[in-house]
Amino acid sequence: MAYVSIADKDHEQHMHDPQSFITKYIWSQDHKVIAIQYALVAIFVGLIAMGLSVMMRLQLGFPEWATFITPEEYYQYVTMHGMIMVIYLLTALFLGGFGNYLIPLQLGARDMVFPYMNMLSFWVYLLSVIVLLISFFIPDGPTGAGWTLYPPQAISEGTPGDGGGIVFMLASLSLFIVAFTMGGLNYVTTVLQARTRGMTLMRMPLSIWGIFVATILGLLAFPALLVAAIMMLLDRVIGTSFFMPAMLTLGETSEFSGGSPILFQHLFWFFGHPEVYIVALPAFGMVSDVLATHARKNIFGYRMMVWAIVGIGALSFVVWAHHMYVSGMNPYFGFFFATTTLIIAVPTALKVYNWVLTLWKGDLRLTVPMLFAIGFIFTFTHGGLTGLFLGNVTVDLPLSDTYFVVGHFHMVMGVSPVLVLFAAIYHWYPKITGRMFNNTLGTIHFWFTLLGTYAIYLPMHYIGFLGVPRRYYANGTMDIVDESVQLQNAGMSVAAIIVALTQLIFLFNMIWSLKYGKKAPGNPWGGTTLEWQTPQTPAAHGNWGENLPEVHRWAYDFSVPGAEKDFTPQNEPASDGVPVGRDHGVNH
Amino acid sequence: MAIAIALILLVVWSLFFHFASPWYLTPIASNWGMIDTTIDITFVVTGIVFVAVNLFMAYCIIKFRHKKGKQQKAEYEPENTKLEVWLTVITTIGIAAMLAPGLIVWNDFVNPPQDAVEVEVVGQQWHWSFRLPGEDGQLGNVDVRYMSKSNPFGIDSEDPAGLDDILIGDSSTLHLPINQPTKVLLRSKDVLHDFAVPQFRIKMDLVPGMVTYAWFTPTKTGTYDILCEELCGISHHAMRGKVIVDEPSDYQTWLQEQVTFADLQNRPKGDPELGKTNFAICAACHGQNGEGMQVLNAPKLTGQEPLYLKRQLQYWKKGIRGASEGDIYGATMTPLMVTLPDQASIDNVVAYIESLPSEPAEKTISGDISTGRYIYSTCSACHGADGKGIWSMNAPALADMTDWYLARQLKNYKDGIRGKHPGDPYGYQMNMMVDILPDEKAINDVIAYINTL
């Protein structure tokens, strides 16, 4: 049978409009509803993880006062905070949330190509979250093995939750990966198959490029975590020795023998490093769209931006062992992985340059989403540059496993993607809800978040230079530490609590504006991409009414010379006296 | 506009913080000055980029922000190949400038010099111990299977190379001669650990089932903390050791005092009959059967782990216990130690105590058992869920022992009366762990729970 693209079969599609409340909002197959379901669950667990971080900061900042926190609990907070933030918040919100929302809308599709599987993806994700949260309520509590779950300690005596918590964690991760795989296959297939007429790959908005490549990374990387999780479950439950060597436990020789703890680390980081980019690439893409829209200017160097995303994605599979320079693996690997890691800095730096150059000679509207996007460039530049310390094997030697690492990855992997999430939520909120958010509250939220997080993490790098180890319940007396460090710890804790409270302003704004916000126009920012051109706001089921939009230009025709308006939507034909700007998608 | 000013201020603040903050690399005490140089190079390159990118961004915002009522249109410039190529080239040069020195220094790190002396560092939850090769310059074979109370290092007794190995078992302190290139061979008995000395700039994980290494040359005499920097369970933060860098003569003096594996294996077992004579003096306070007497402030001795009793007696002999200000009850032991003049007499008396029957001590403390159980979950990691103590953790028995004595010791740890002496590394751990007992009530609660075990 001859191949016919989905857009060309549009008249044959049946939309199966949902009839009841349950099919519309609960067992929904509409990508927009699923996106919101994903987002709400992710934000909910994210708030729990934020609460855990406040508990950790209380212990570190005010140990004399926070005596109700035991070492076990502290390590459980460390573990659950990290795992929830990286997997259940960031991955789920970027891909399950924004991936679901933006892919069909920005590509001019009616929905994902496999709506039923999309729905299943969310419900399995919810199940994984429930399994994870149950571990808080079992006798020994959740695992306290650190979010990297390194064996042997993850499943041996002396680690909190070595009995039940770790089993729930591994089960939950496995479920999450099942959910991700169902969603991920869907996103990739939709991007490849369901783009509307005229939407060539090189006309796709960068958000889609970021989400698309990140999803491919996820589909290739998560299986490594899945096998590692299953192998560790087997070690724990039926006593195999994949990762468990012969060792001493409670004064007795254990039953295990011959397993390799470092094998687990390789599997974990073969997943774990691409995971950084699974989070970062959608953030790169979305922040590009936010910057271009609010700068009223095309994104600078679109083709380079696309190839940088693809290049970073490919390189991300050959840098994993830079997390393992001092793990005891063959130290000669250090030469290879330091080189690949520093090479990946080149495309990443180019992306930063291009974002900044997008602002050059723009007509900058300093809206709330724009502020967050600019804040992101600052924090990402900071976090990216400190990555050059840790990626360079020799420089990593004194800094590895110190607070420098904590400062670095919270800047680059915590604050930066979260600032993009906020930018994106504010940016697309009018389209998602049909209401405008409160501008003043959004601005307050921005300032406290940006300045507060910097007050937490900048000093952390320097405490790391001293050599203070991370993951310490208490420093005790240490020859490298004087009282100034404890004072600074208290200061960082105060900043952390302020930042945490600030997020309540954000929540309030989102909920309050839902009801009392100004009614949003369909295209409040003057966006060029298709989601702003839907006939209804919020977009109705099926997104486009009778006819699918047809794309005539790339995604960044802002301020085209000769055009009347300072933006030209992608679906505006060239013939109406509107010139087509520079377009790489079609051979003219 | 505010955001542009904020960006400028953040850059200025970051620079100010960098130069003015009291925290930077700890003064170096090893040969790895080159590592600090690579850090300096990285700082220069990344610092320039950090300042340039953010100030340029601030400039763009000031110059091109939309001003109300002013007609303004963005420029349409999708690409600029020349600029993009230039930026790529400059970035690549900057990256190479950081990477090249890094790789050169790493090459030194992975290739220890021929004349490096090997020292084995052994990690376990949550202690450090050390082994030196002895006169033959070779370390004997080890295996987890051989590990026991009398052979905690797990040395193969069939391997002649192991007999002269020098064992530093329970001081958590390693001495090294200055200016001697040293290759540490790292081995773990249980989970992952990490050997890190900030002043030496190096660190490396200890991985059970294999031997890893790192090397350095200590260049400054002094005492430095060994920190575990790989999460290894609930007392990870309390896993501390010390490395003391000596002048060669001091090092030799120290070395002479250490025992070899053969010494330990050949040491005669304590003789309870001989110990009985010594015990007569102990019995005056601790009771005929070592059951303890509260009126004389003497704790129960029977049922206690012999390794622990021997270590504490040694501590009294060396003035590690009983000498600190405020330890009035501990001080009464000190003069009596003359009755135990040597290691053999200590072994004998402990052997005698071991031969005595052990009855559970009378319970004198009550408290909230459920709170106590919750607190004890931390303690159980070393002292065991049954409170009987675990030899490999160097943790004494608590259950069925005199509870008022436990309460006093916990208080002593809290007040720094016990555990502060540098010769008592395990006591130091208790100093850190008693942070979870905020007040007397918590102490009573946890002891009340121990009384139920």
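How many bridges join β4(B) to strand β10 of chain B, and do these strands run parallel or antiparallel? In this predicted model, five bridges connect the two strands, and the strands run parallel. Strand β10 covers residues 240–246 of chain B. One residue pair illustrates the register: B:L176 has B:V245 in β10(B) as its bridge partner.

The pair belongs to an open sheet of five strands in chain B. The strand order is β4-β10-β9-β6-β7, and the pairing is mixed. The edges are held by β4 (173–177) and β7 (202–206) of chain B. Each of these edge strands has a single partner strand, so one side of each lacks a neighbour in the sheet. Neighbouring strands are turned against each other by 25 degrees on average, direction ignored. Helix α5 of chain B, residues 248–257, packs on this sheet. Its contacts are with β4 and β10 of chain B. The direction of α5 makes about 140 degrees with that of β4(B).

At the other edge, β7(B) pairs with strand β6 (residues 193–197) of chain B. The pairing is antiparallel and extends over five bridges. Within it, B:A196 is bridged to B:K203 of β7(B). The two strands form a hairpin, with four residues between them. In the turn, B:R201 has a positive phi of about 70 degrees. Although β7(B) is an edge strand, five of its five residues are buried.

Strand β10 of chain B also takes part in packing with a helix outside the sheet's own domain range. Helix α13 of chain B spans residues 425–433 and is mostly covered. Eight of its nine residues are buried. These are B:P425, B:Y426, B:Y428, B:Q429, B:M430, B:N431, B:M432 and B:M433. The buried residues of α13(B) pack against β10 of chain B, and also against α11 (369–383) and α12 (403–414) of chain B.The domain assignment of chain B gives three segments: domain 1 (2–64 + 80–110), domain 2 (117–266) and domain 3 (272–450). The centres of domain 1 and domain 3 of chain B, taken over C-alpha atoms, are separated by 55 Å.

Chain A has a secondary structure of 14 helices and two strands. Its radius of gyration is 24 Å, close to the 25 Å that the globule rule gives for 588 residues, so chain A is as compact as a globular protein of that length. The C-alpha trace of chain A spans about 80 × 55 × 50 Å along its principal axes. Of the 588 residues in chain A, 63% are buried. Among contacts in chain A with a separation of 6 or more, 80% involve residues 24 or more positions apart.

The two chains touch each other. Chain A gives 99 residues to the contact, and chain B gives 92 residues. On the chain A side, the elements that each supply at least two residues are α3 (71–107), β1 (248–249), α7 (261–295), α8 (302–315), α9 (333–359), α10 (368–391), α11 (393–399) and α13 (439–466). The largest share comes from α9(A), with 13 residues. By residue class, the side of chain A that touches chain B divides into 59 nonpolar, 28 polar and 12 charged residues.

Methods:
Residues numbered from 1 in each chain as written. Chains lettered and ligands numbered in written order. Predicted model: local features only at pLDDT ≥ 70, side-chain atom pairs only at ≥ 80, totals over all residues. Domains from an automatic or database assignment. Contact = placed C-beta atoms within 7 Å. Nonpolar A, V, L, I, M, F, W, Y, C, P; charged D, E, K, R; others polar. Pairing = 2+ DSSP bridges. Axes fitted to C-alpha atoms, helices over the stretch in contact; angles between N-to-C directions. Rg over C-alpha atoms; globule rule 2.2 N^0.38 Å. Buried ≥ 20, exposed ≤ 12 C-beta atoms within 10 Å, placed from the backbone.
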